[in-house]
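Morning, everyone. Today I'd like to talk about enclosed space inside a protein. Let's bring the structure up.

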Amino acid sequence: QELTKIADRSGYVQDLYQDKTKYYWLGHSLGCKYIALLEFLSGREWRQTAKSCLGGDLDRQLEENIINSGIEIVSILDQPSLLIAPDISDTESAIPVPAIANLLDRIGWGVKPSRKETQCLIERSQLFNLTALISFDRDTLAGSKNDESKSAKVRENSDVLWAIDQLSNRAFPILHQELPGKHLEPLGVKVGAYLVDLNPFDKFIQLLKFRQLESTALKFLDELEGRS
């Protein structure tokens, strides 16, 4: 709706932005959790699933928030999603001090839904058939395929491993490719033919023509369009 308004103010044709078949969703890190929750809400049985997975009053609060938002239909149904280094964090991931994170959870100020609750919502959804995932081999936050050979705790906390395992059994299995890099690989500023990261502990500066992320993303979006 907002894109249509902006197009109108700028004198652009609005029809493109009103055609939901032309929409793609692309997220990085915690943005992937936002997209996953929108996907979950696109299913017809989300209320029953939310009640089962969230418990308490959280499912009721969720429904009230949607009603109060003024959005008539919360749905990204049939709109492909590309998740880059997905992170479905708990409060402890945002605030890595267990005592403070636990306190925030107890007083109701923590992350909602939690990682375990979000996993439950995704597991019980029949959607997520138009999903692709790009991970990075040195990502210690979202995890990577390399976590398969690591300790049980690392494997358990790897959102990348969990997503691949969970979404590989859908009607259309998840598309996945792991690339060289760390969690912040997508970030940078384009300066001429280079991408500048301004982080000497990451890639710092890189020729765009040698980057794999953008070409892989476009390839996956093409494949997802074919599925839809």
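I'll start with the second largest cavity, which has a volume of about 30 Å³. Keep in mind that this is a predicted model.

Who lines it? The lining of this second largest cavity is made up of I35, A36, E39, S81, L83, F128 and T131. Two elements, α3 and β2 (81-84), each give two or more residues to that lining. The largest share comes from α3, with three residues. By class, the lining splits into four nonpolar residues, two polar and one charged.

Now step back. How many cavities of 30 Å³ or more does a search of the whole structure find? Two.

So on to the largest cavity. It holds about 110 Å³ of space. Its lining is C32, K33, A36, L83, P86, I88, I122, F128, D159, W162, A163 and L167.

Which elements supply at least two residues each to this lining? They are α3 (31-41) and α10 (159-167). Here the largest share belongs to α10, with four residues.

What about chemistry? The largest cavity is lined by ten nonpolar residues and two charged ones, with no polar residues. The second largest cavity, again, has two polar residues in its lining.

One last thing to look at on the screen. Find A36, L83 and F128. They are among the residues lining the largest cavity, and they are also among those lining the second largest. Helix α3 turns up twice as well: it supplies at least two residues to the largest cavity's lining, and it gives the largest share in the second largest.

That's my tour. Over to you.

Key
Residues numbered from 1 in each chain as written. Predicted model: local features only at pLDDT ≥ 70, side-chain atom pairs only at ≥ 80, totals over all residues. Heavy atoms only, no water. 1 Å grid on protein atoms, 1.4 Å probe; cavity = no way out; pocket = protein on both sides within 12 Å on 5 of 7 lines; lining within 4 Å. Points joined across faces, edges and corners; volume = space filled by probe spheres on them. Nonpolar A, V, L, I, M, F, W, Y, C, P; charged D, E, K, R; others polar.
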